[in-house]
Amino acid sequence: MKLATVFLIIGINVSLANNTYSQSTMLSLKVNNKTVTEVFSEIEKQSEYVFFYYDGVLDVNRKVKVDVSNQTVDVVLKQLFAGTNNTFVIKDRQIFISKKNSDSLVGPLPVKNQNRNTFRGKVLDEFGEPLPGAAIQVKGSTRGVTTDLDGSFELEVSKSDRLIISFLGMEDQEIVVGNQNDIVVKMKPKADELEEVTIVAFGKQKKESVIGAITTLSTDNIKMPVGKISTSLAGQLAGLVVTQTSGEPGAGANFWIRGISTFGANDRPLVLVDGIERSLDLVDAEDIESLSILKDATATAVYGVRGANGIVLITTKRGKEGKPSIRANVEYGLSTPTVMPKTADAGQWIDYYNDISLDAYGRPAYTPQQKEMFLNGTDPDLYPNVNWMKEIFKNMSNSQRVNLNISGGGKRIRYYISGSYYSEGGIFNVQKNSQYDASLRYNKFSFRSNLDVDLSSSTVLNLNLSNQYETKNRPGTGLGDFWIRCIDVPPITMPTVYSDGTISCYPASNNPYNMLNNSGYSTDFWNNTQSLIGLTQDFSELITKGLKANVKFAWDAYNGATLDRKKSPATFYATGRDEEGNLIFHKNSDGSDYIDLTNKGYSGNRSWALEASLTYDRVFNDVHRVGGLFLYNMREYNDNVPGSYIAAFAHKNQGIAARATYSFRDTYFIEGNFGYNGSENFSPGHKFGFFPSIAAGYLISNENYFSGLNSVVDLLKIKGSYGLIGSDEIGGQRFAFNSEMSWTGGYQFGEMKENWISGIATGRIGNPSISWETAKKLNVGLEMGFFNKLKAQIDFFHEKREGIYIEQESVPSVVGNNIRQWINLGKMQNGGVDASLEYTQNINDFMIQGRANFTFNRNKKLYDDKPTPVWAYREDVGVPLYQQRGLVAMGLFESEEEVNNSPRQLEERNRVILNIKI
């Protein structure tokens with residue numbers, strides 16, 4: 001059921017000054033016979049504090065003893081400076097040391113050094129406004145000051161000094177003093193990295209250097225009042241095909257990248273959240289920083305046996321240096337069915353029934369007098385006229401969503417914390433019941449915390465924690481049954497409930513009202529927890545520029561439960577009225593008004609993943625850009641409630657991947673990728689596969705000869721890729737490389753044949769050559785930009801899928817195989833085009849944006865090993881997957897003579913009742 005949604009969004013943005021840092025940050029120090037400088041260093045390691053003081057203001061080499069536990073910096077410094085002539089002032093995360101009884105914040109200016117001059121300046125923000133509190137420090141020393149309220153500062157410096165100017169949330173500026181005496185510095189906000197790079201497999205690349213088929217979605221386009229993100233993706237990305245088959249609260253959508261390319265067990269893309277395989281619908285829209293889909297071979301080859309169906313990459317938000325930012329969103333939505341089935345009322349139904357049903361004397365089943373009784377409503381108990389769709393369904397339901405997130409941090413620690421609540425009701429018109437609540441409602445609570453800690457200038461530790469708790473309350477009857485019964489139960493069969501409160505039901509029929517309000521209720525519970533810890537080391541200063549290492553470990557857990565509380569009360573059918581006008585009831589069956597716990601269902605799984613990688617990105621001589629990736633990963637998944645002995649075995653994957661990229665003058669690009677991955681599901685010697693890809697691109701608009709056209713055509717790039725990708729989720733029997741024996745048949749023994757001995761026969765024959773599906777992918781694309789306003793991208797793609805895991809059906813039973821063997825024989829192809837168009841223009845303080853995308857694909861089954869059908873039109877090979885078939889109706893028979901003169905129809909009822917001519 002499709003839903004049209006109207007929603008109200010209230011957004012609140014609040015920025016708070018971080019003036020409580022000194023009161024909330026606790027320190028523990030135990031030092032003995034250490035210098036003051038060493039104590040300062042230890043404090044800076046444990047916190048985000050920075051010390052400022054002039055030379056000569058304090059004795060930095062004085063040996064001290066400090067022993068404090070879980071105390072504020074104020075307590076630590078009072079102990080440190082006890083008995084000295086020093087004092088201090090704390091401003092946010094900056095601590096200024098001076099001498100007592102001094103007018104200067106950081107101590108009196110020392111006697112002017114002949115080699116130093118007074119250097120004055122002013123620091124402004126990006127809008128030209130004064131920036132008070134900015135730190136100015138002489139590089140390589142502890143000398144420094146902060147700007148006052150008008151952004152100005154004054155400092156004694158030498159010509160050879162370099163000044164570092166910093167402020168939370170701004171890019172650091174480095175100034176060479178030289179012969180300058182004063183300066184005005186305009187600070188720039190730290191750039192949003194995602195505006196300059198594109199998220200790719202296991203890393204990032206400059207947008208202009210990307211030559212794979214990658215489409216990225218702005219997160220503003222998915223912030224809709226829905227419970228599952230997948231339901232908001234339709235029409236958002238070129239190449240993404242989305243279908244939603246249910247409007248049930250909490251239901252997600254099905255999606256494919258560039259359509260369906262296999263008729264094997266798995267045709268869905270792999271979803272990675274912060275690099276870990278997880279469900280797309282577990283992520284709250286407010287927590288998403290970027291969402292990209294990887295479509296071609298060069299973008300997905302590094303995923304090897306997991307990447308054949310494409311990849312969805314989600315990166316969650318992280319904290320940024322700056323003051324705490326609090327954002328709250330409150331949304332309220334109304335949902336209404338766009339189309340509801342229209343059913344016949346009592347008059348229409350009786351007329352139709354009379355047309356097809358006559359008694360032996362040719363009289364109609366219902367007389368005009370009876371029809372009038374059904375229509376006038378004088379006795380709705382015996383002559384009901386019920387619109388079941390109206391009684392069971394409402395015209396509208398509602399949803400609410402609340403999200404609160406806080407982000408910020410300093411130079412050492414950054415954080416993003418988010419919590420949300422979502423609630424959505426159904427359109428079932430459930431009556432109030434003092435005994436229980438059978439209404440349909442879905443609730444979801446989400447929490448996420450992403451923390452980044454700079455352990456050093458080159459080492460970053462990150463910790464991600466998230467949890468989703470979901471509940472659903474629903475009627476005791478299957479939701480799909482309501483649609484069926486509302487359509488097939490005639491409006492005159494029975495009332496919803498009799499006027500005296502008796503529960504109604506026609507014998508051997510179903511009362512939709514009773515199913516909704518008197519059958520009990522069910523509750524579902526789901527809990528998902530995800531954790532990730534990672535460490536990134538930049539080796540630029542230690543080994544070589546541009547080299548980084550990363551290791552991450554993730555562990556996830558899921559558990560779910562369903563409780564069915566059912567009841568089955570006695571139902572009755574009124575056959576008439578007695579002399580006093582009371583209804584005469586026929587009791588259909590005995591029942592009970594007590595609620596029983598009829599079913600308890602449990603599910604759960606757990607998984608962990610490990611990934612370690614080395615990345616390299618460096619530019620030589622401003623023209624040669626070289627990049628590389630080498631990665632190892634492994635993953636294990638376990639079912640906590642396995643349904644069989646085989647299902648209890650863990651699903652395991654491991655492999656390595658590599659990528660090499662090169663560009664010349666950011667104009668000519670070449671990229672090679674490979675994945676070497678394996679699965680536990682295949683036989684020894686066949687567990688691992690090699691999946692390479694190659695891509696090239698040419699950014700014509702970066703050529704010197706093209707510069708004259710840049711004002712009109714600001715972007716022109718051609719690109720192409722080809723590669724081999726795999727899929728190890730092939731379905732069928734696990735560990736099918738092993739042959740099986742099965743119990744079958746047997747014999748009777750004994751004089752009276754009293755003993756039965758079961759027999760053993762060969763079961764499924766093992767196939768040691770079983771392997772993964774392979775996809776050969778080709779992509780050719782063109783990117784264009786006009787007037788720095790309009791951007792267009794178009795990609796043509798073709799894929800041939802081989803090795804699809806199917807049952808072998810072409811071998812006749814006379815060969816001796818009593819069970820069909822599974823084998824990699826299936827073949828299929830898919831191809832098409834996807835394109836996108838984006839327009840952006842700024843007019844004063846306004847921005848105009850528009851975008852459109854287009855996706856077209858056609859697949860075709862090439863081989864499925866099925867016998868050739870007797871009727872050629874029933875052949876599946878050579879036609880699209882799931883091709884709809886049916887006989888073409890030539891119209892309706894209009895006379896008995898036409899029926900007699902026509903060929904015999906497939907079924908006799910088509911001639912007499914339905915009157916359909918085939």
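## A walk through helices and sheets

Start by selecting Val36, Val39, Phe40 and Ile43 in helix H2, then add Val73, Val76, Leu77 and Leu80 in helix H3: these two groups meet, where contact means heavy atoms within 4.5 Å. By class, this contact has eight nonpolar, no polar and no charged residues. Here Ala, Val, Leu, Ile, Met, Phe, Trp, Tyr, Cys and Pro count as nonpolar, Asp, Glu, Lys and Arg as charged, and the others, Gly among them, as polar.

A quick word on what's on screen: this is a predicted model, in which local features need pLDDT of at least 70 and side-chain atom pairs count only at pLDDT 80 or more, while totals for chains, interfaces and linings use all residues. Residues are numbered from 1 along each chain as its sequence is written, and side-chain values use heavy atoms, leaving out hydrogens and water.

Now show H2 (residues 36–46) and H3 (residues 73–80) whole. Their axes come within 12 Å and cross at roughly 175°; axes are lines fitted to C-alpha atoms, for helices over the stretch in contact, and angles run from 0 to 180 degrees between N-to-C directions. H2 and H3 are therefore roughly antiparallel to each other, the label for angles over 145 degrees. Helices (H or I, at least four residues) and strands (E, at least two) are DSSP runs, numbered from the N terminus.

Next, pick up the open sheet of three strands, in the order S3-S6-S5 with mixed pairing; two strands pair if DSSP finds at least two bridges between them. S3 (50–52) and S5 (86–91) are the edge strands, each pairing on one side only. From one strand to the next, the twist averages 25°. Keep H3 visible: this helix packs on the sheet, touching S3, S5 and S6, and its direction makes about 165° with that of S5. Zoom in on S3 and S6 (residues 94–99), which pair in the parallel sense over three bridges; Val50 stands opposite Gln94 in S6.

Move along to an open sheet of five strands, ordered S16-S21-S22-S19-S20, again with mixed pairing. S16 (214–217) and S20 (276–277) stand at the edges with a single partner strand each, so one side of each has no neighbour in the sheet. Select S16 with S21 (residues 288–294): they pair in the antiparallel sense over four bridges, and Ile214 stands opposite Leu294 in S21.

Last stop: S37 (residues 713–727). Seven bridges join this strand to S36 (residues 688–699), running antiparallel, with Ser693 partnered by Gly723 in S37. Another 14 bridges join S37 to S40 (residues 773–786), also antiparallel; there, Leu724 has Lys776 as its bridge partner.

Technical notes:
Angles under 35 degrees count as roughly parallel, over 145 as roughly antiparallel, 65 to 115 as roughly perpendicular and the rest as oblique.
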